[in-house]
Amino acid sequence: MTVTGPQGFRAAGVAAGIKASGALDFTLVVNDGPLDVAAGVFTRNVIKAAPVLWSQEVLKQQRLKAVVLNSGGANAATGPGGFQDTHATAEKVAEVLGAGAIEVAVCSTGLIGERLPMDAVLAGVDTAVEALDASDQASLNAATGVMTTDTKPKQAFAKHDSGWSVGGFAKGAGMLAPNLATMLSILTTDAVADKETLDRALRAATHVTFDRLDVDGGTSTNDTVLVLASGASGVEPTEAELTELLTAVSHDLVLQLRADSEGATKDVDITVKGAESEADAIAVARTIAEDNLVKTALFGSDPNWGRIAMALGRVPARIDPETVSIAVNGVTLFAKGMPAADRSEADLTGRAIEIVVDLGVGSAESTVYTTDLSHGYVEENSAYSS
């Protein structure tokens, strides 16, 4: 069980006809309470999709009865008409559930710049409500209904010893550079939590998970992570406990997103330590993660530390060439301004690659999760709009 694993939640994923293929393309998650506390984080892209603008407004009250999601169209850069479509979707869900539109968040994913087929969307609401269930299959269908170029649904669940739990699903395979990613994720918990605690816990969790995934540097117009708390377990964890479990589930989802990202043949962890500040550590790790020369070398299983040094050296952070070291899969290849070992000693033939950069100027550390840049990524994204 995932999104319906915590008590108090039902979900559905149905084929509304948004996708010409007839695949599942419409998802609904409902919080049956007794609490309806919610929190969310959204894309930092200035070009925000209509559902993001709507859901940001809704989340100001930090209460949600339901979240409705569609794949097959991002409803981004669609002007006032696109926002009206989002509003109409929320109104329809609210009407059927006997709630208010302000209690319904909306998420969309797919091609940017096209309006949604609203006849299919509104009919999909009725179909999804009829299919609502708390079963494993309902969770799987919900996770499947948000897929675009994903090849598999991504779900996670964890239960605390005291009886409360966190579940969720995520989608995303390209345009992944969180600040968030073209990434949607719905998390649920049956913990008892107030608005402020839930918001802080979510932001702390996403800060070290979703915000550290960077496949291609593309921050989507639609990035959204929402958490809904039903309170149905009757257990009120500490903020630290809530943050820890939200982080564990989010981290699980991030690794699944990375593994299924477009064209990926390598799963790459880039850890920068010894930085003067966390901001410096993140900036260096993210720059390495986004550098095409580094990524293509990794695709070729080439431990080309020179490209890593080039990438980190162009970051506006405190960097001293004499204190920097670069290790790849456990082998230190560069230190004190010169080669430290023959690059052939680092084996990159497997899927997992770990790059560790020690700046040697402080104590801050951060890890960014990325992939290589393959033929498959280029081919898939050159044909996506067709």
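**Figure 1. Secondary structure and overall dimensions of the predicted chain.** The chain holds ten helices and 15 strands, where helices (H or I, at least four residues) and strands (E, at least two) are DSSP runs numbered from the N terminus. Its radius of gyration, taken over C-alpha atoms, is 21 Å, close to the 21 Å that the globule rule (2.2 Å times the number of residues to the power 0.38) gives for 386 residues, so the chain is as compact as a globular protein of that length. This is a predicted model, in which local features need pLDDT of at least 70 and side-chain atom pairs count only at pLDDT 80 or more, while totals for chains, interfaces and linings use all residues. Residues are numbered from 1 along each chain as its sequence is written, and side-chain values use heavy atoms, with hydrogens and water left out.

**Figure 2. Close-up of the largest cavity.** The largest cavity, a set of points on a 1 Å grid over the protein atoms alone where a 1.4 Å probe fits but cannot get out, has a volume of about 60 Å³, counted as the space filled by probe spheres set on points joined across faces, edges and corners. Of its 14 lining residues (an atom within 4 Å of a point), Asn70, Thr89, Val106, Ser108 and Leu116 are the closest to the centre. Strand 4 (66–71), helix 2 (79–97), strand 5 (104–109) and helix 3 (118–131) each give two or more residues to this lining.

**Figure 3. Close-up of the second largest cavity.** The second largest cavity encloses about 40 Å³ of space, and its lining includes Val294, Asp302, Trp305 and Leu348. Helix 8 (292–299) and helix 9 (305–313) each contribute two or more lining residues, with the largest share, three residues, coming from helix 8.

Definitions and conventions:
On a 1 Å grid over the protein atoms alone, a cavity is a set of points where a 1.4 Å probe fits but cannot get out, and a pocket is an open set with protein on both sides within 12 Å along at least five of seven lines; lining residues have an atom within 4 Å of a point.
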